[in-house]
Every structure is written in C-alpha cells, then in structure tokens.
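Colleague: Please take a close look at one pocket in this model. I would like its volume, its lining and the elements behind it.

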Amino acid sequence: MKHIPNLFTLLNLLFGCMAIICILQNGITILYSADQGQYIDIPERLWQASLFIGLAAIVDFLDGFVARLFKASSEMGKQLDSLADLVSFGVAPALIIYQFLRLSYAKEDAGIDASWWVLIPALFIAIAAAYRLAKFNLDTRQQYGFRGVPVPAVGLLIASFPLIYWNFNMGWATDLLLNKWFLYGLVVMVCWLMVSDLPMMALKFTSLGVKENIYKYLLIIIALVAARLFHWVAVPIVFILYIILSLVAAASQRKTVPPAL
C-alpha cells in the first residue's frame with residue numbers, strides 16, 4: 001500500500017515526459033495563401049502537450065489524496081513528487097514558451113533562423129521551478145499554505161496558452177501570445193512569483209466550514225463561472241484571482257491574529 005501514491009507520482013512524471021515529446025515534435029513552417037498571404041503554421045501537437053500537462057496535474061492531486069487516504073506519506077514520496085513536478089510543470093511549460101518565442105520571431109524577416117540565445121530565457125522557468133521545489137521541501141512553514149506561487153499553478157497557466165491559441169477565435173489573444181515582449185515579461189513575472197515569499201493559499205480543506213474557507217470557496221465558484229463563460233481563457237483569469245485572493249486571505253489572517261505581548 002505504501003507505494004501506491006508513488007505510482008501516481010510516477011504517472012505524473014510519465015505524462016510530463018509525453019508532453020515534452022509532443023512539444024519537441026513541432027516544426028514551424030512558413031505558408032502562403034491567396035487569402036491570408038504569408039502565415040505561420042506549426043503542427044497541433046503543441047496543444048496535445050497541454051492535455052498531458054493537465055493529466056499530470058490530475059494525478060499530482062491524486063497522489064497526495066491517496067497518500068493521506070492510505071496514510072502512506074513518506075520522505076521518498078515527497079522528493080519524488082518534486083522531481084515529477086519539475087518535469088511536468090517546470091520543464092514542459094518552459095519548452096512551450098520556447099516554442100511560442102520561436103513563433104514570435106518567425107513572424108519577422110529571417111526570424112525562422114533566430115539565434116538560440118534569444119530563446120534561452122524561456123528555460124529560466126524550469127530553473128525557477130527547481131529552486132521553488134527545493135525551497136518547498138526544506139521550508140517547514142508550507143504545511144498549510146505556500147510561500148511563492150506553486151509550480152503546478154504556473155505549469156497549468158502556461159499549458160493553457162496553446163489551447164487558447166488554437167481554440168479562442170480572438171485576434172488580440174493570438175497576437176499577445178505571439179508578442180515576444182509579452183513572453184519575456186511573462187517569464188520574468190512567473191519566475192519571480194515562484195521564488196518569491198508571497199503567502200499563497202493551499203487548496204486543501206482541513207474542514208468544510210465556510211468562514212475558514214471563504215476565499216477557497218470563492219475561488220472555486222469564480223473558476224466554474226469563468227470556465228463556463230470564457231473556456232480556456234478562464235485559466236489565466238483564475239491564476240490572477242488565485243494570487244489576489246491569496247494575498248487578501250493572508251492580510252485578513254494577519255488582522256485576526258492578536259499581536260504578541
């Protein structure tokens with residue numbers, strides 16, 4: 001029984017590896033048509049990588065649930081979970097941004113042959129994720145909450161981009177995802193959020209009371225409504241709201257804690 005949660009963790013790692021395979025099989029092609037003129041096409045395996053990252057997130061949640069169910073938590077499981085998360089929510093999303101940067105440069109003259117060094121900043125996401133996970137494993141303050149945005153949250157945010165690119169028929173969204181300055185700014189933002197000391201909510205329920213879980217319930221309700229209204233665009237919306245509600249919850253908690261004498 002004690003190894004069942006580890007099997008879920010290894011499945012998380014497997015899905016992360018499959019996502020990377022999908023990402024690396026994409027090639028960018030410059031096409032021409034009478035209607036659109038020159039346009040960029042890449043095989044749609046990139047959005048399949050998003051689905052594998054989503055599956056990795058599901059089993060990542062389940063391994064913790066199963067570990068608590070069977071009372072099979074272990075130090076090895078904790079370390080293995082971080083290693084799997086690094087691949088599924090650190091390396092794979094970093095490579096998605098790498099491909100979007102390639103797309104953004106491909107729009108420019110001779111951009112299809114852009115130098116590798118302009119694409120390297122995408123990999124900083126994987127580096128920040130590794131630092132964040134190592135910090136989490138050593139930080140005893142993060143049993144009931146997080147310090148810094150969790151790596152899976154960043155991974156799911158980035159995994160939503162290919163799905164938005166191919167399924168959200170709004171020009172401003174695709175233009176934004178093909179803007180290299182937006183992508184560079186995004187890399188800086190998510191890296192800082194992961195390594196920061198910002199207090200973030202852990203979506204674990206020690207009880208079902210409304211008062212002590214009001215911000216978690218509010219996030220869940222907004223997430224469901226946003227998913228119904230905005231489909232995949234709901235993911236960035238919920239990500240931003242998660243940060244805002246976490247900060248509000250932390251500020252509210254500080255007000256209710258009596259000052260030390």
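Modeller: Here is the second largest pocket, followed by the salt bridge. This is a predicted model: local features need pLDDT of at least 70, side-chain atom pairs count only at pLDDT 80 or more, and totals for chains, interfaces and linings use all residues. Residues are numbered from 1 along each chain as its sequence is written, and side-chain values use heavy atoms, with hydrogens and water left out.

The second largest pocket has a volume of about 350 Å³. A pocket is an open set of points on a 1 Å grid over the protein atoms alone, where a 1.4 Å probe fits, with protein on both sides within 12 Å along at least five of seven lines. Volume is the space filled by probe spheres set on the points, which are joined across faces, edges and corners.

The lining has 17 residues. Lining residues have an atom within 4 Å of a point. Leu-157, Phe-161, Leu-176, Phe-182 and Pro-236 lie nearest the centre. Two or more residues each come from α5 (151-167), α6 (171-177), α7 (180-195) and α9 (234-256). Helices are DSSP runs (H or I, at least four residues), and strands are E runs of at least two, numbered from the N terminus. The largest share, 5 residues, comes from α9. By class, the lining is 17 nonpolar, no polar and no charged residues. Nonpolar covers Ala, Val, Leu, Ile, Met, Phe, Trp, Tyr, Cys and Pro; Asp, Glu, Lys and Arg count as charged, and the others, Gly among them, as polar.

Now the salt bridge (a side-chain nitrogen of Lys or Arg within 4 Å of a carboxyl oxygen of Asp or Glu). The count is 1. Asp-197 pairs with Lys-135 at 3.7 Å, N to O.
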